[in-house]
Amino acid sequence: MPAIQRIDSSTRPVALFGSTGTRVIELRATAALPSHTLMRRAGEATGQLALALAPHARTVWVAAGPGNNGGDGFVAASWLQQQGKRCVVTLTGDPAKAPADAKDAFERAQAAGVSFENEAPKLASHDLAIDGLLGIGGSRAPQDRLADDVRRLNALACPVLAIDVPSGLNVDTGQPYGADCVVATHTLSLLTLKPGLFTGAGRDQAGQIWFDSLGVESTPEHAPDAWLHGHSARIDGGARRHAAHKGTFGDVAVVGGAAGMTGAAILAARAAHAAGAGRVFVALLRDVHHGSADIDVLRPELMFRSDWCESPPAVLMQTTVVCGCGGGDAIRGPLPRLISVAARLVLDADALNAIAGDRGLRSALLARRTRRLQTVLTPHPLEAARLLDGRTTEVQSDRIGAARELADRYGCVVVLKGSGSVIAAPDTVPVINATGNAALASAGTGDVLAGWIGGRWAQAAEPATSAAVFEVAASAVAEHGAAAEPLAPGALRAADLIETLYTRERARP
């Protein structure tokens, strides 16, 4: 049986299955294996990981629920009891009414000498608790005794290992069903990896994620709900040829930087240049911009062109345009022409807000797909909600669904930013990004991402297809997040993020 795998930002692309897909795989595997095999494998894997995580624990508390998640906990308790640990199980529900697998595991745990008690034991900091309350069987906020056990687990000073998924978490969306949701130190995802563990609140609730396929491999007939991409998803552009020149690596134009927000455009432009674009132009919005020097003294390579947006159509067609960073209301001026003409367009921030409030711009954006003009949208949740005519809470309640709806509605590649950024495109399985952390929650890092995508995209070979743009965006998001690792105290300043990105890029073999 394959070893338990640690899942982190270095993970190679792996398929993610929600509750429905997981149950299909589980049913087929159960039918092909002897009775109780999957539960025994799941419980033993949980016990093995528990022992590895807390080798000096004297007491292990298993909070078991009424279904198969509790059955996994029974098997884990039996296995740990055999290793010399004192295992105490508190059971919510009647074992006589449990599913057949869980009933069998309960009887085996009794025979193994596992202690079943009404109250949770007192645990020291070196002990361990196992959350076997609900797993993927939960479909609402824990109630009554289950909610009490969730609160007890969250109050512990010792590590908490969740079986499959922290109880109370929606495995499809990554959002808790209610106020009571286990905050695990570790989560062992069984049979499949679930998308909700990697986006929304899932990353905070699940802690360190581990995976055991239980010896069951998904097949092409099992279509994943999403893919998890880490560092290894980065696209290698290959070595630069000696005969290449700056024109070989494409032009980027950053349009934005209205009065008081010049820094946003400059950050995006610096990022595009650091990503490897041959030339980067900065078109500050002069109609409201006053007294700015036409130079970035720290990066004088950037070329400021106040009239760039009036360039001939052929120039706009050949340039990757990053539009909206610090644009304010002034972005409404050049936006219609850019949407109409630019072949490669990254829309961020105020450009997205302008489109959300203008039906004409929405229609023009959608028409780009029929003309084979490629677009990347990079909204944060509030901007996404505006584009969907909804609320931020609705976007966050189903981030994968929101990203897919945006991609389908506007015919674009979409990067829905946030914890576990989601990259979506029409008729494409979405990607959840595994890199990054809360250090990126600072002003300007989104502008850096937009510029980095633009700089990466500018170097991509023609013709630009939706699939190719999707891969560029996913790779750029992974690189952007990786530059914030490992997590350090405080926020990562956007200008420092660019330098880290550049240093990492230069260090690539």
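Trainee: How many bridges join strand 14 to strand 15 (residues 344-347)?
Mentor: Bear in mind that this is a predicted model: local features need pLDDT of at least 70, side-chain atom pairs count only at pLDDT 80 or more, and totals for chains, interfaces and linings use all residues. Residues are numbered from 1 along each chain as its sequence is written, while side-chain values use heavy atoms and leave out hydrogens and water. Helices (H or I, at least four residues) and strands (E, at least two) are DSSP runs numbered from the N terminus, and two strands pair if DSSP finds at least two bridges between them. Strand 14 and strand 15 run parallel, and the number of bridges joining them is four.

Trainee: Which residue of strand 15 does Val322 stand opposite?
Mentor: Val322 points the other way from strand 14 than Thr319, Val321 and Cys323 do, along with Thr320. Its opposite number in strand 15 is Val346.

Trainee: And in strand 14, what is the bridge partner of Val252?
Mentor: Strand 11 (residues 251-256) runs parallel to strand 14, with five bridges joining them. The partner of Val252 in strand 14 is Thr320.

Trainee: How many residues of strand 14 (residues 319-323) are buried?
Mentor: Call a residue buried under 20% relative accessible area, exposed over 50% and partly exposed in between, with a 1.4 Å probe and protein chains only. Thr319, Val321 and Cys323 point one way, Thr320 and Val322 the other, and all are buried. The strand is therefore largely enclosed by the rest of the structure, and the count is five of the five.

Trainee: Zooming out, which strands stand at the edges of that sheet?
Mentor: It's an open sheet of 11 strands with mixed pairing, in the order 2-10-19-18-17-16-15-14-11-12-13. Each edge strand has a single partner strand, so one side of each lacks a neighbour in the sheet: they are strand 2 (14-16) and strand 13 (303-304).

Trainee: What angle does helix 11 (residues 359-370) make with strand 16 (374-377)?
Mentor: Helix 11 packs on the sheet, touching strand 15 and strand 16; contact means heavy atoms within 4.5 Å. Axes are lines fitted to C-alpha atoms, for helices over the stretch in contact, and angles run from 0 to 180 degrees between N-to-C directions. For helix 11 and strand 16 that gives about 135 degrees.

Trainee: What about helix 15 and strand 15?
Mentor: Helix 15 also packs on the sheet, touching strand 11, strand 14, strand 15, strand 16 and strand 17 (413-416). Its direction relative to strand 15 is about 170 degrees.

Trainee: Where do the buried residues of helix 17 sit around the axis?
Mentor: The buried set is Ala494, Leu497, Ile498 and Leu501. They cover an arc of only 100 degrees, taken from the directions from the helix axis to the C-beta atoms, which puts them on the same side of helix 17.

Trainee: So which residues on the other side of helix 17 are exposed?
Mentor: What covers the buried residues includes helix 7 (262-274), helix 15 (445-458) and helix 16 (466-482). On the other side, the exposed ones are Thr503, Arg506 and Ala507.

Trainee: There's another sheet; which are its edge strands?
Mentor: Eight strands form this open sheet, ordered 1-9-8-7-6-3-4-5 with mixed pairing. Pairing on one side only are strand 1 (5-7) and strand 5 (115-117).

Trainee: By how many degrees are neighbouring strands of this sheet turned against each other?
Mentor: The value is an average over neighbours, direction ignored. It comes to 25 degrees.
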